[in-house]
Structure formats: C-alpha cells, structure tokens
Amino acid sequence: MTLDRMYMDGQWVPAVSGATRVVNNPHDGTELAQVADGDRPDAQAAIQSARRAFDQGDWPRLPAPERAAALVRLAAAVREHAAELAELETLDTGKTLAESEWDMDDVAGVFDYYAELGGRENEEKLTSPNPDSTSRLVREPVGVCAQICPWNYPLLQASWKLAPALVAGCTVVLKPSELTPLTTLRLTGLAHDVGFPAGVINTVLGPGTTVGAELAESPEVDLVSFTGGVTTGQTIMQAASGNLKRIALELGGKNPHIIFDDADLDVAVDHALNAVFFHAGQICSAGSRLLLQDGICDEFTERLVQRMGRIRLGSGLDPSTQMGPLISPEHREVVAGHVAAASAEGARLVLGGRAPDDEATQRGCYYLPTLFTHCEPHMTVVREEIFGPVITIERFTTEDEAVSRANDTDYGLSAGFRTQDPDRIGRVSRALRFGTVWVNDYNVYFAEAPWGGFKRSGIGRELGRAGLDEYTELKHIYESHAAKALDWFGT
C-alpha cells in the first residue's frame, strides 16, 4: 500500500493532477500522512475500471461460493492485521484504541456474515399458473456501485457497504472521507493481497464536491450508497435521478432515549453515558436527546452530572482515556455553534460547553462533555443533530407524552427506552417511529440486524438480509416446456 496513491484496476496510481492532501491527527494536529487528492477525472477512471470488470470480467459470473470464499479470506486478513488497523483508525479518527479494536472485530464479522449469507446460489422456485412450465426468481447483481463513506467509522461503514455488494457480484468504487482515508487504503491493500480481481474494488480519494459528485452523477454507475449528512444526501439523490440509478442513503438522526421512573437508575445512568460519549458523540445513533420522567428526573440529572464531570479526555492511544477529540477544528466550531444557540434559546447549561483548558489537550480538537437541562421540543438543540458530546434533557410526565415528544422529530433512525413494565415495553416499542428501537439497552449493533431509518434518516437498509438485497436485482424467468399456438390473430 502506498498512501499517496489511489487503487484502480488492480494498480496503485497517483491522482491525475498529482495533487496530495495532508491527513492530520485530531489529537494534536500533527501530520499523519499525505494522500492522493483526486478530482473528477480520477473518479471517471475508477468508474470505467469497475464498469469493465462488471461488463467483461469474471466476478459477476463466478459461482456465489467462490465470491464468498474471497470475503472469508479478507475477513481473515483483517483479523491478522487487526492491531495495525485499530491503531491506524485511532490515529485517523481520534477515538480510543479500545473502540477501534471493537470495530475491527465487527469488520471481520461483517465479511464473514455476508460470505455465509450470500455464498449460496440464490434461486427461488415459483408456482407457475400454467401446466408444462416452470417459473423461478433469481437475484442478480445491480452492477457498478459507488460507495461514499463517512469519517466517523471509516472501516466499519466501508465493510457494511463492501461485503454485501461484493458477495452479490457487484463491482465497487469506494470513496472514503478525505478526513479519514487511511484504514480504507489499508483494507484495499489487503483485498489486493488476498486475490480480488482487478477492477472489482477501486478506491478513489478526493472531496465530495468533485469526486463524490461525479460518482453520483455518472450514468455508468448503477447504484450509489452514501452515509453522511442530510444536505449532501439530498444532493446525491437529485444527481442520481439523471439516470435513475438506485440509491441507499443513511443520513443520521436525532435519537431519543426515554427513561421511565421504574427503570434501574444505576444501569440507566451508565447506559445514558454510553449512548452518547463513545467517539465523542460523533455517532449517528447517539442518544443525545434524553427524556426523563418526573419521578426520577432530578436524581438522574444529579448522577449524570457527577459521572460526566469525571470523563477522562486524551489521546486514544492512552489506555486511561475514556473520550477522544472531535474530528477537526472546523467540526468543533460547529458543535460550539450549537451550544451557543442552545443557551440563546433558553436551555440551561449545567456542564461543559467549551473546550478543555488543560495543557495536554490544547493542540487537539477536544470539547468537554456538555449537558443542557430545561430543554423543550421546539429548541434547535433538541431538533438538529449535533454530532458531538452534548446531551439535552427534557422532562415528561406520562407515557403518551414521552412517545409524542420522541416522535416529534424530522428523523427516525433509532430510539431507546428503559422500563421494567412488560406491557409498556410492547406499547412503546410499537409506537416509536424509528428504524431501530432498543429496550433497556442502547447502541447495540450486529450483522444480522438491518440498520437504517424512517423519514429524513434515509432510504434503504444496511446489514442483515436487507443489506444484501440492496445490491441485487430481481429477475423472473418463465420457461414453457410445451408451447402451443393460440391461433388468435389472423386465422
């Protein structure tokens, strides 16, 4: 692997322009690497490589078990290099090393899962209405897939997209975020080493405004999968309409976490912290909108303040660190803007609301765990995704009020609630309008469970059987074995 190169048609190549960009460590701002900085011509070359591999190559026509075997080899390579990948992920994103190690386990698991799920020849026999005929349903690969990944979980999100596409028989143009491309480049190198054919995986680097736009607009691309913000998702959806290509969009959320007054407070407080502060709150499913019932609101808030005040910030490579930095100075300014707006709208700042002032974090993009109380549903801080270490607290009285408040959002990605009442579990689980609902837990993901949301949280699903279906087209094949003339016309 060469960091200042992109990967196309089985070769590492520089940007057409020769341009590079610096990738910085969010912990201290130091330079990690210089990587190729592509433009539209680079995206076009990657698309043509994938197009040739799909239209003329063997990959889509291989037996499914052979494609699955390649995924198994890649999963094994990820496990073999897990320590290296995890350290690179931490340097690139700022998250703690433990979080990166969990991610590598999940990445390998996703490749293994789709190898097993997609490794069987997938054909369904249908009951034909006519005698002497057969009818069958087959799933075929969509074609060339552009996959645009976010910066917060670079390799995990890449695996969610790559694994089902590859096992289905698609070819891929993968674009990591320009902020965090390093582990994606390393994974691409591992894919090369384990024998994926030239053109099946192409990794192109560069900004979303040029490279991403070309991937979305190109008529040579059959599907575009994007994870990121709503505004960019809308732009991609409009661009994709040019050739009516398939789209899959995961666009984030504003996720409620409801605590009823019969919940186990010790566990609930701990899980409320877990729901938000991993990766400094830069998680699309972060349960940053905390809804507390009257009976426990004051005590819960007090316990939360005590625990939040003890969160240890620092380098993700330091084993004592519990929360790392934000991804960039620019993103820290975005978070700070949300905090300022919340105070201006009347939310009460109880904790944090600024960058730390200790010497160890001065060179990095750190922001203190922040808590607002006296929040109301109309406030911007309650309605907009912050993508930072910020919790808002709303107080509610009844179950109906909690559900109504939780559903009063433009998003519908995930929600969680805590109660010991089995009847309430059934009612609230059904009433919440979100793609995933966690009961007495939060932020639980696994490969078998589909992931995606309602409303402005996106279109389509990743993971599970639904994640594989995104990358296939259904074809009905009807065959008559004893065709006879109807003698209807012209007789």
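**Exercise 1.** Is Trp 102 buried, partly exposed or exposed, judged by its relative accessibility?

*Solution.* The model is a predicted one. Trp 102 has a relative accessibility of 47%. Buried requires a value under 20% and exposed a value over 50%, with partly exposed in between. Trp 102 therefore counts as partly exposed.

**Exercise 2.** Classify the aromatic pair formed by Trp 102 and Phe 278, and state which parts of the chain the pair ties together.

*Solution.* Step one is the search: across the whole structure there are 13 aromatic pairs. Step two is the geometry of Trp 102 and Phe 278, whose ring centres are 5.7 Å apart, with 75 degrees between the planes. Planes over 60 degrees apart count as edge-to-face, and this pair is edge-to-face. Step three is location. Trp 102 belongs to helix H4 (residues 97–118), while Phe 278 is in the loop between helix H9 (265–277) and strand E13 (289–293), so the pair links parts 176 residues apart in sequence. Last, Phe 278 is partly exposed, at a relative accessible area of 29%.

**Exercise 3.** Repeat the analysis for Trp 160 and Tyr 445, then find the ring cluster that holds them.

*Solution.* The ring centres of Trp 160 and Tyr 445 are 6.5 Å apart and the planes meet at 50 degrees, so this pair is tilted. Trp 160 is in helix H5, and Tyr 445 is in the loop between strand E19 (436–439) and strand E20 (454–455); the pair therefore ties together parts 285 residues apart in sequence. Accessibility comes next: Trp 160 is buried at 6%, whereas Tyr 445 is partly exposed at 32%. Finally, follow the ring pairs: they join Trp 160, Trp 438, Tyr 442, Tyr 445 and Trp 451 into a cluster.

**Exercise 4.** Check the length of helix H5 against its expected span, and describe its burial and what follows it.

*Solution.* Helix H5 covers residues 154–168, which is 15 residues. The expected span is 1.5 Å times one less than the number of residues, so H5 should span 21 Å. The C-alpha atoms at its ends are 22 Å apart, which agrees. As for burial, 15 of the 15 residues of H5 are buried. After the helix comes Gly 169, with a positive phi near 105 degrees.

**Exercise 5.** Describe the nonpolar cores and the part that H5 plays in them.

*Solution.* The largest nonpolar core has 95 residues, and Tyr 114, Phe 196, Phe 300 and Leu 304 have the most contacts inside it. H5 gives the most to this core, with 10 residues. A second, separate core has 35 residues, among them Ile 148, Leu 182, Ile 236 and Ala 239. As background, nonpolar side chains in soluble globular proteins tend to be buried together. To look at one member of the largest core, take Phe 300: beyond four places in sequence, Phe 300 touches Ile 259, Leu 265, Ala 268, Val 269, Ala 272, Leu 290 and Leu 292.

**Exercise 6.** Which residues other than glycine have a positive phi near 55 degrees, and where do they lie?

*Solution.* Most residues other than glycine have a negative phi. Leu 244 has a positive phi near 55 degrees, and so has Asp 487. Leu 244 is in the loop between helix H8 (230–240) and strand E11 (246–250), and is exposed at a relative accessible area of 73%. Asp 487 is in the segment after strand E22 (472–480), and is exposed at 59%.

**Exercise 7.** Work out the surroundings of His 257 and Ser 49.

*Solution.* His 257 lies in strand E12 (residues 256–259) and is buried, with 0% relative accessibility. Leaving out residues up to four places away in sequence, the residues that His 257 touches include His 271, Arg 289, Phe 417 and Tyr 442. Gly 287 is also touched; its C-alpha is 5.4 Å from that of His 257, although the two are 30 residues apart in sequence.

Ser 49 lies in helix H1 (residues 40–56) and is buried at 1%. Beyond four places in sequence, Ser 49 is in contact with Met 8, Asp 9, Gly 199 and Asn 202.

**Exercise 8.** Which charged side chains lie over the rings of Tyr 153 and Phe 260?

*Solution.* Over the face of Tyr 153 lies Lys 95, 3.7 Å from the ring centre. Over the ring of Phe 260 sits the charged end of Arg 424, at 4.1 Å from the centre.

Note on methods
Residues are numbered from 1 along each chain as its sequence is written. This is a predicted model: local features need pLDDT of at least 70, side-chain atom pairs count only at pLDDT 80 or more; totals for chains, interfaces and linings use all residues. Side-chain values use heavy atoms; hydrogens and water are left out. Helices (H or I, at least four residues) and strands (E, at least two) are DSSP runs, numbered from the N terminus. Buried means under 20% relative accessible area, exposed over 50%, partly exposed in between (1.4 Å probe, protein chains only). Rings of Phe, Tyr and Trp (its six-membered ring) pair if their centres lie within 6.5 Å; planes under 30 degrees apart count as stacked, over 60 as edge-to-face and the rest as tilted. A charge sits over a ring if NZ of Lys or CZ of Arg is within 6 Å of the ring centre and within 35 degrees of the ring normal. Contact means heavy atoms within 4.5 Å. A nonpolar core is a set of buried Ala, Val, Leu, Ile, Met, Phe, Trp, Tyr and Cys residues joined through side-chain atoms within 4.5 Å.
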